Number of protein chains: 2
Amino acid sequence: MYSFLNNQFLPAEKTFVHVSDLAVQRGYGIFDFFKAVNGKIPFLDDYFNRFYRSADFMQLPVSLSREELKNIVHELLQKNGVADAGIKMVLTGGYSPDGYEIATPNLIITQHTLTMPSAKMLEQGVKIITHEFRREMPLVKSINYTTGVWLQRKVKASNAYDVLYHLQGEVSEFPRCNLFIVNKNGIVMTPANYALEGITRKNILSLSGMEVKATTVTLTDVLQAREVF
Amino acid sequence: MYSFLNNQFLPAEKTFVHVSDLAVQRGYGIFDFFKAVNGKIPFLDDYFNRFYRSADFMQLPVSLSREELKNIVHELLQKNGVADAGIKMVLTGGYSPDGYEIATPNLIITQHTLTMPSAKMLEQGVKIITHEFRREMPLVKSINYTTGVWLQRKVKASNAYDVLYHLQGEVSEFPRCNLFIVNKNGIVMTPANYALEGITRKNILSLSGMEVKATTVTLTDVLQAREVF
């Protein structure tokens, strides 16, 4: 299995960054994640737009054009000979001489096995817990998951599948995905603010023909909902 | 120059971590930083206590005892033959197979040149700006400096030296240090809540004989203060 680092393909197990990288020193970086299905990547332009937008907001220049990056992602898939996979692109703050100022970003692309929810989970649903928290920069796909990772122990101890963030009762998102509910009147709702702009949200729902209301969603709305997903 | 990684001393420029580390993937880790003066490290026990406390809170086991870690820090200073230096210890979330769950932490110890404020800065003071923000876990020395790093461009553009965090007018801390003021009645004050427990704060001030009131400090208090440091 190969990964990609800056300007070369490397054996995945030999893809290292120096400890002076701002990701290691200050947790500073952005990423994006998308799926390849039958060797094709649905909605790649949307993911790329979000990746470049996050990078720009976080003051991290991307050294490659969208076209060059696209070619590299497809070359990685081909080299690894896998048709269905998750692809993760991370862009870090780079090797900062003083461990604080942004340097030349490191671009890391890795390929991952996809895990899908089991049939039982889809059929029976999953338990979730809640936590009062709002991400620092909710519109950016930064690598800062301090609270999300930290909460995993609590999620497991509660026999839950995930944790829903809210602030004073206004819900925003799960650590790694958006929230949707179908309310008691059959209207599909999703939080309008403080949540990452999901590509799946945008595309799947527009393709499915469902009308989704982006609005304020409260914990009470979630509890009274017909469906939550 | 040497660094230390897990169980070995390595040339500093060859100290790498694999990209699957949770610091790179999720910005997850803790650290601490202290100074060696004439080969001795003042208040080392305080720094170690805070390091182990941060690690414990963040669910990151430290594989070494305080005694073992102390010996390694002193060996590093000796190997590098530097009497005055900054020492940084970082403990990351480790090589996580799924890029999300905490694994076996990586311990990184690096040595840095100390930079002190210039005489002019000490004499004339420095300009600061403010930003509305409170850290996710203010009592823990986590590596998450997303906002602190991100604000550096604004600090520089404002010709300022640093940025003071406040939430609705209640100040907490600078990204990398505590705040103290001497108010108009000559009382030394420092924010009681939402700020990292500074070792310098604790020791220098207790040694100096100054009495410090840990309390709520507002932006108005800062503006009306006789001295700010």
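Biologist: In which sense do strand 3 of chain A and strand 3 of chain B pair, antiparallel or parallel, and over how many bridges?

Modeller: This is a predicted model. Strand 3 of chain A, residues 16–18, and strand 3 of chain B run antiparallel to each other, with three bridges between them. Val17(A) has Val17(B) as its bridge partner.

Biologist: Which residues does His18(A) touch?

Modeller: His18(A) belongs to strand 3 of chain A. Leaving aside residues up to four places away in sequence, His18(A) touches Tyr95(A) in its own chain, and Ala12(B), Glu13(B), Lys14(B), Thr15(B) and Phe16(B) in chain B. A polar atom of the His18(A) side chain is 2.8 Å from the backbone oxygen of Ala12(B).

Biologist: Is His18(A) buried or exposed?

Modeller: The cut-off for buried is under 20% relative accessible area. His18(A) has 14%, so it counts as buried.

Biologist: How many residues does each chain bring to the contact, and what area do the chains bury?

Modeller: Chain A brings 45 residues and chain B brings 45 residues. Between them the two chains bury about 4,300 Å², and 58% of that is on carbon and sulfur atoms. On the side of chain A, the residues that lose the most area to chain B are Arg26(A), Tyr100(A) and Trp150(A), which together make up 19% of what that side buries.

Biologist: How many salt bridges and polar contacts cross the interface of chain A and chain B?

Modeller: Begin with the general idea. Side chains of opposite charge can pair when their charged atoms come close. Across this interface there are two salt bridges. One of them joins Lys156(A) to Glu101(B), with 3.6 Å from N to O. The interface also has 21 residue pairs in polar contact.

Biologist: Which elements of chain A supply the side that touches chain B?

Modeller: Strand 3, helix 1 (22–26), strand 5 (85–92), strand 6 (107–112), helix 5 (146–150) and helix 6 (152–157) of chain A each give at least two residues to that side. By type, the residues of this side are 23 nonpolar, 13 polar and nine charged.

Biologist: How many salt bridges are there over all chains?

Modeller: A search of the whole structure finds 14. In one of them, Glu173(A) pairs with Arg135(A), and their closest N and O atoms are 2.6 Å apart. Glu173(A) sits in the loop between strand 9 and strand 10 of chain A, while Arg135(A) sits in the loop between strand 7 and helix 5, so the pair ties together parts 38 residues apart in sequence. Glu173(A) counts as buried, at 2% relative accessibility. Arg135(A) also counts as buried, at 12%.

Biologist: Which residue does Glu173(B) meet in a salt bridge?

Modeller: Glu173(B) meets Arg135(B), at 2.6 Å from N to O. These two also link distant parts of the chain, with Glu173(B) in the loop between strand 9 and strand 10 of chain B and Arg135(B) in the loop between strand 7 and helix 5. Glu173(B) is buried at 2% relative accessibility, and Arg135(B) is buried at 12%.

Biologist: What parts does the salt bridge of Arg53(B) and Glu197(B) tie together?

Modeller: The N to O distance in this salt bridge is 3.7 Å. Arg53(B) is in helix 2 of chain B and Glu197(B) is in the loop between strand 11 and helix 7, so the pair ties together parts 144 residues apart in sequence. Arg53(B) is partly exposed at 42% relative accessible area, and Glu197(B) is partly exposed at 42% as well.

Biologist: Which residues of helix 7 of chain B are buried, and what covers them?

Modeller: Ile199(B), Asn203(B) and Leu205(B) are the buried ones. Their cover includes helix 2 and strand 12 of chain B. After helix 7 comes Gly209(B), with a positive phi near 85 degrees.

Biologist: What is the order of the open sheet of four strands in chain B?

Modeller: The order is 12-11-10-13, and the pairing is mixed. Strand 12 (212–215) and strand 13 (227–228) are the edge strands, each pairing on one side only. Strand 10 and strand 13 run antiparallel and are joined by two bridges. Val182(B) stands opposite Glu227(B) of strand 13.

Notes: Residues numbered from 1 in each chain as written. Chains lettered and ligands numbered in written order. Predicted model: local features only at pLDDT ≥ 70, side-chain atom pairs only at ≥ 80, totals over all residues. Heavy atoms only, no water. Pairing = 2+ DSSP bridges. Contact = heavy atoms within 4.5 Å. Buried area = accessible area lost by both parts, 1.4 Å probe. Salt bridge = Lys/Arg side-chain N within 4 Å of Asp/Glu carboxyl O. Polar contact = N/O pair within 3.5 Å; in protein donor to acceptor, adjacent residues only side chain to side chain. Nonpolar A, V, L, I, M, F, W, Y, C, P; charged D, E, K, R; others polar. Buried < 20%, exposed > 50% of the residue type's maximum accessible area, 1.4 Å probe, protein only.
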